[in-house]
Amino acid sequence: MVPSARIRSADARSILTRTSGFIRQAGFTHSLTPARNCTFACVYCYVPTLKIYGGLQREDWERWGQFTTFKQNAPELLRRALRPEQRIYCSPLVDPYQPAEASQLLMPRLLELLAERPPALFVIQTRGPLILRDLGRLTALAHRTRLRISFSITTDREDVRRRYEPRCAPLAERWEAVRALRAAGLAVHATLAPLLPCDPETLAEQALAHTDGDIIGDPFHVRSAKACGATTRPQAYQVSQRHGFVDWHDPEFQQAAVERIRARVAAAGRRFGVGPEAFGWLALH
Ligand code: SF4
């Protein structure tokens, strides 16, 4: 749990943002970001490298993960902004079920509004088992729109998880959340992003066993392969150096790991993809 001193509230100017870049390429028209800054504070998080994008402020990217600012007027803004044709991704800039959401209770109000005025598609990107708190509202929303939950599982190794995302829930708890969401009839995709050091076949088998749809992934973004836009924070590279994982930042090594996952998933008759094309499967199916 994040200390309450780290949770702030402020009015936002807007709640739905027209998409650009990766998320637009994937087929989403809007993104919904309920808070600025994310106290999961993953060492690799690309969001602070975006600097001013999406209303981020200097303090956000300089003190990433140390506090979060909830958009207290988000429900009023969303009520006015929703349209039936929108394809909304929630969120490219924060995990909507970051720890502070446990006390802020913003998502239940937003889910109710979405059910009242459903868009064409609503995708929740999260790694937070806290989402199970809202199971009733999620199932209600799934009756009103195409609801997809993209659940981030980044490795099969708990020691790796602790090094790169120490404030996130253990992997077993995350797979259990995926199981519970699916048991409630919700559409859930395993999203292996970013792909942390792992045994690719074991991670593929876990994703196959816990889900039944397309599996999505994305290796660490690296500047040598991506000239501009969001990229992995330097802190992740430092962790990788300390623990002998720098290969996972090498595009050729990454490709080999991706192909190993793809082969295992394909052998089961399923699809594994990376990048905007694969995230686009969330928008199109
Ligand atoms: S959960 Fe997502 S948005 Fe939050 S710190 Fe981790 S990578 Fe960044």
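Colleague: Where is Ala41 found?

Modeller: Ala41 is found in the loop between β4 and α2. Do keep in mind that this is a predicted model.

Colleague: Thanks! What makes Ala41 count as buried?

Modeller: Ala41 has 21 other C-beta atoms within 10 Å. The cut-off for buried is 20 or more, so Ala41 is buried.

Colleague: What is the sign of phi at Ala41?

Modeller: Phi of Ala41 is positive, near 55 degrees, and the residue is not a glycine. Asn37 is another non-glycine residue with a positive phi, near 80 degrees. Asn37 also sits in the loop between β4 and α2.

Colleague: And how do you know whether Asn37 is buried or exposed?

Modeller: Count the neighbours: Asn37 has 26 other C-beta atoms within 10 Å. Buried asks for 20 or more, so Asn37 is buried.

Colleague: Which residues surround the ligand?

Modeller: Ala41 is one of them. The others are Cys38, Phe40, Cys42, Cys45, Val47, Gly65, Val94, Asp95 and Arg127.

Colleague: How many residues of each class does that shell have?

Modeller: The shell around the ligand has 7 nonpolar, 1 polar and 2 charged residues. Gly counts as polar, while Asp and Arg count as charged, so Gly65 is the polar residue and Asp95 and Arg127 are the charged ones.

Colleague: Let's turn to the strands. Why is β9 called largely enclosed?

Modeller: Strand β9 covers residues 187-195, and 8 of its 9 residues are buried, so the rest of the structure largely encloses it. Strand β8 is mostly covered too, with 6 of its 7 residues buried.

Colleague: How do you know that β8 and β9 pair?

Modeller: Two strands pair if there are at least two bridges between them. Strand β8 (residues 146-152) and β9 are joined by 5 bridges, so they pass that test. The two strands run parallel. Among the bridge partners, Ser150 faces His189 in β9, Ser152 is matched with Thr191, and Ile149 stands opposite Val188.

Colleague: What lies beyond them, say between β9 and β10?

Modeller: Strand β10 (residues 215-219) pairs with β9 in the parallel sense over 3 bridges. One opposed pair is Thr191 and Ile216 in β10. From β9 the chain crosses through helix α9 (residues 200-210) to β10, and this β-α-β crossover is right-handed.

Colleague: And how many bridges link β7 with β8?

Modeller: There are 6 bridges between strand β7 (residues 121-126) and β8, again in the parallel sense. Ile124 has Ile149 as its bridge partner in β8. Here the chain passes from β7 through helix α6 (residues 135-142) to β8, in a right-handed β-α-β crossover.

Colleague: What is the strand order of the sheet that holds these strands?

Modeller: The order is β2-β3-β6-β7-β8-β9-β10-β11, an open sheet of 8 strands with mixed pairing.

Colleague: What makes a strand of that sheet an edge strand?

Modeller: An edge strand pairs on one side only, and that holds for β2 (16-18) and β11 (272-274). Neighbouring strands of this sheet are turned by 25 degrees against each other on average, direction ignored.

Colleague: Phe272 is found in β11. Is Phe272 buried or exposed?

Modeller: Phe272 has 24 other C-beta atoms within 10 Å; the cut-off is 20 or more, so Phe272 is buried. The C-alpha atoms of Phe272 and Asp214 are 6.1 Å apart, although 58 residues separate the two along the chain.

Colleague: Which strands form the sheet of 3 strands?

Modeller: They are β1, β5 and β4, in the order β1-β5-β4, making an open sheet with mixed pairing. Strand β1 and strand β5 (residues 68-71) run parallel, joined by 4 bridges. In that pair, Ser9 stands opposite Phe70 in β5.

Colleague: Which kind of peptide bond joins Ala193 to Pro194?

Modeller: That bond is cis, with omega near -10 degrees, and Pro194 lies in strand β9. Another cis peptide bond joins Cys90 and Ser91, where omega is about 5 degrees. Ser91 is in the loop between β6 (87-90) and α4 (101-104).

Colleague: Last one: why is the whole protein called as compact as a globular protein of its length?

Modeller: Its radius of gyration is 18 Å, close to the 19 Å from the globule rule for 285 residues, so the description fits. The protein has 12 helices and 11 strands, and buried residues make up 45% of the 285 residues.

Terms used. Residues numbered from 1 in each chain as written. Predicted model: local features only at pLDDT ≥ 70, side-chain atom pairs only at ≥ 80, totals over all residues. Near = placed C-beta within 6 Å. Buried ≥ 20, exposed ≤ 12 C-beta atoms within 10 Å, placed from the backbone. Right-handed = clockwise from strand over helix to strand, strands pointing away. Axes fitted to C-alpha atoms, helices over the stretch in contact; angles between N-to-C directions. Rg over C-alpha atoms; globule rule 2.2 N^0.38 Å.
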